[in-house]
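Hi,

Here is the structure I promised to pass on. Have a look at it first, and then read my notes below.

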Amino acid sequence: MGSKFLQYFALTIVVIGAVNWGLIGFFNLNLVSALFGSMSWFSRIIYALVGLCGLYLISFYGLVSEEGQEA
């Protein structure tokens with residue numbers, strides 16, 4: 001359960017971060033700053049979680065390459 005939960009948690013956090021970056025790029029709207037304040041302690045935690053989860057998801061490239069070798 002732990003590994004599967006961590007994978008889904010990390011993927012969800014990174015998707016939220018990607019949507020936030022899309023809003024910044026298209027509409028100049030930082031949703032995290034709008035909801036929690038510009039660089040408040042809570043928004044910094046969210047940004048740090050997005051970064052850590054992104055680093056964790058780098059390991060998924062190994063899973064993709066393993067699947068490609070099976071076929």
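**Ser 43 and the pocket**

Let me start with a serine: Ser 43 sits in helix α3, which covers residues 41-57. Please keep in mind that this is a predicted model.

Is Ser 43 buried or exposed? Its relative accessibility is 0%, and the cut-off for buried is under 20%, so Ser 43 counts as buried.

What does the side chain of Ser 43 reach? One partner is the backbone nitrogen of Ser 40, at 2.9 Å. Another is the backbone nitrogen of Met 39, which lies 3.3 Å from a polar atom of the Ser 43 side chain. If you set aside the neighbours within four places in sequence, Ser 43 is also in contact with Val 32, Phe 36, Gly 37 and Ser 38.

Two of those names, Val 32 and Phe 36, come back in the next part, as they belong to the lining of the largest pocket.

**The largest pocket**

This pocket has a volume of about 170 Å³. Which residues line the pocket? They are Ile 13, Ile 16, Asn 20, Leu 31, Val 32, Leu 35, Phe 36 and Ile 46. Two elements give two or more residues each to that lining: α1 (2-27) and α2 (31-36). Of the elements, α2 gives the most, with four residues.

As for chemistry, the lining has seven nonpolar residues, one polar residue and no charged ones. If you scan the side chains in your viewer, that is the split to look for.

**The whole chain**

Stepping back, the protein has four helices and zero strands, and along the sequence the pattern reads α-α-α-α. The radius of gyration is 15 Å, whereas the globule rule gives 11 Å for 71 residues; the value is well over the rule, so the protein is more spread out than a compact globule. Along its principal axes, the C-alpha trace spans about 45 × 30 × 15 Å.

How much of the protein counts as buried? The figure is 14% of the 71 residues, and Ser 43 is one of the buried residues.

One last number concerns contacts along the chain. Taking contacts between residues at least 6 apart in sequence, 51% of them join residues at least 24 apart.

If you open the model, I would begin with Ser 43 in α3 and then move on to Val 32 and Phe 36, which Ser 43 contacts and which line the pocket.

Cheers

How values were computed:
Residues are numbered from 1 along each chain as its sequence is written. This is a predicted model: local features need pLDDT of at least 70, side-chain atom pairs count only at pLDDT 80 or more; totals for chains, interfaces and linings use all residues. Side-chain values use heavy atoms; hydrogens and water are left out. On a 1 Å grid over the protein atoms alone, a cavity is a set of points where a 1.4 Å probe fits but cannot get out, and a pocket is an open set with protein on both sides within 12 Å along at least five of seven lines; lining residues have an atom within 4 Å of a point. Grid points are joined across faces, edges and corners, and a volume is the space filled by probe spheres set on the points. Ala, Val, Leu, Ile, Met, Phe, Trp, Tyr, Cys and Pro count as nonpolar, Asp, Glu, Lys and Arg as charged, and the others, Gly among them, as polar. Buried means under 20% relative accessible area, exposed over 50%, partly exposed in between (1.4 Å probe, protein chains only). A polar contact is a pair of N or O atoms within 3.5 Å; within protein, one must be able to donate a hydrogen and the other to accept it, and residues adjacent in sequence count only if both atoms are side-chain atoms. Contact means heavy atoms within 4.5 Å. The radius of gyration is taken over C-alpha atoms; the globule rule is 2.2 Å times the number of residues to the power 0.38.
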